[in-house]
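The following exercises practise reading a protein model from its coordinates. Each task is followed by a solution in steps.

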Amino acid sequence: MSGHGAPQPTLEPGTKDLRVAIVAASWHETVMDGLLDGARRAVEAAGATAVEVRVPGSFELPVAAARIAPTVDAVVALGVVIRGGTPHFEYVCSAATTGLTDVSVTTGTPVGFGVLTCDTEQQALDRAGLRGSSEDKGFEAAAAAMNTAAVLATVLAGVTGSGVPDAGADAGRR
């Protein structure tokens with residue numbers, strides 16, 4: 001099981017009032033409904049606000065995230081790709097993963113990766129946060145994006161969560 005050893009998703013202080021974009025693919029409606037519900041619950045629990053954008057599939061997630069990322073504090077990318085009998089699975093998974101990583105790194109906006117890459121539909125259902133699912137990847141992806149945004153805001157303000165000054169804050173005193 002992919003979640004073995006993972007910490008319980010929690011929301012860090014500083015996630016309240018964040019602006020979050022939930023960018024979600026449309027394929028596999030039942031799984032997507034669960035992922036979206038989980039992300040919405042996380043945003044609500046944090047006291048953040050969200051805008052939702054739907055795109056056709058996981059391949060389109062990076063371009064939508066790239067256009068939206070500069071306008072929000074965090075992006076949550078949700079999708080599902082289920083392996084078939086052709087190399088299409090590898091191409092879409094690779095493009096989505098690389099594209100979303102590039103969005104996060106180039107914009108500095110955290111992107112929560114909630115793209116399920118599964119061998120079977122049952123694996124996706126098990127991770128979708130539905131009744132009977134063993135994991136809630138929509139909630140986890142949203143929590144990860146918002147927690148990262150909160151940590152970065154603290155660091156960029158000159159202090160880490162441990163009270164240690166940010167190295168960049170001392171640069172002008174050397």
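How far is the sulfur of cysteine 93 from the closest cysteine sulfur, and in which residue does the latter lie? The sulfur of cysteine 93 lies 8.8 Å from that of cysteine 118, which is too far for a bond. The model is a predicted one: local features need pLDDT of at least 70 and side-chain atom pairs pLDDT 80 or more, whereas totals for chains, interfaces and linings use all residues. Residues are numbered from 1 along each chain as its sequence is written, and side-chain values use heavy atoms, with hydrogens and water left out.

**Exercise 1. Determine the number of disulfides and the burial of the two cysteines.**

Step 1. A disulfide is defined as a pair of cysteine sulfur atoms within 2.5 Å. By this rule the count is 0 disulfides. Cysteine 118 is accordingly in no disulfide, its nearest cysteine sulfur being that of cysteine 93.

Step 2. Burial is judged by relative accessible area: buried is under 20%, exposed is over 50%, and partly exposed is in between (1.4 Å probe, protein chains only). Cysteine 93 counts as buried because its relative accessibility is 11%. Cysteine 118 counts as buried as well, at 3%.

**Exercise 2. Describe the overall make-up of the chain.**

Step 1. Helices (H or I, at least four residues) and strands (E, at least two) are DSSP runs numbered from the N terminus. On this basis the chain has 5 helices and 4 strands. Read from the N terminus, their order is β-α-β-α-β-α-β-α-α.

Step 2. Of the 174 residues in the chain, 40% are buried.

Step 3. A contact means heavy atoms within 4.5 Å. Taking contacts between residues at least 6 apart in sequence, 76% join residues at least 24 apart.

**Exercise 3. Place strand E1 among its neighbours.**

Step 1. Strand E1 comprises residues 19-24. Because 5 of its 6 residues are buried, E1 is largely enclosed by the rest of the structure.

Step 2. Two strands pair if DSSP finds at least two bridges between them. E1 pairs with E2 in the parallel sense over 6 bridges. Alanine 21 has valine 51 of E2 as its bridge partner, and valine 23 stands opposite valine 53 in E2.

Step 3. From E1 the chain crosses through helix H1 (residues 29-46) to E2, and this β-α-β crossover is right-handed. Right-handed means that, with the strands pointing away from the viewer, the path from the first strand over the helix to the second runs clockwise.

Step 4. E1 also runs parallel to E3, to which 5 bridges join it. Here valine 20 has alanine 74 in E3 as its bridge partner.

Step 5. A general rule assists in reading these partners. In a regular strand the side chains alternate between the two faces of the sheet.

**Exercise 4. Which residues of helix H2 are buried, and what covers them?**

Step 1. In H2 (residues 61-68) the buried residues are Leu61, Pro62, Ala64, Ala65 and Ile68. They lie on the same side of H2, because they cover an arc of only 165 degrees around the axis. The arc is taken from the directions from the helix axis to the C-beta atoms.

Step 2. Val63 and Arg67, on the other side of H2, are exposed.

Step 3. The cover over the buried residues includes E1, strand E2 (49-54), strand E3 (74-82), helix H3 (88-107) and strand E4 (111-118).

**Exercise 5. Characterise the segment before E1 and the loop after it.**

Step 1. Proline 13 lies in the segment before E1 and counts as exposed at 71% relative accessibility. Its C-alpha is separated by 8.1 Å from that of asparagine 147, 134 residues away along the chain.

Step 2. Glycine 14 belongs to the segment before E1 and is exposed, with a relative accessible area of 52%. Glycine 14 and alanine 150 are 136 residues apart in sequence, yet 5.0 Å apart from C-alpha to C-alpha.

Step 3. Aspartate 17, also in the segment before E1, has a positive phi near 70 degrees although it is a residue other than glycine.

Step 4. Histidine 28, in the loop between E1 and H1, has a positive phi of about 60 degrees and is not a glycine. Histidine 28 is partly exposed, with a relative accessible area of 29%.
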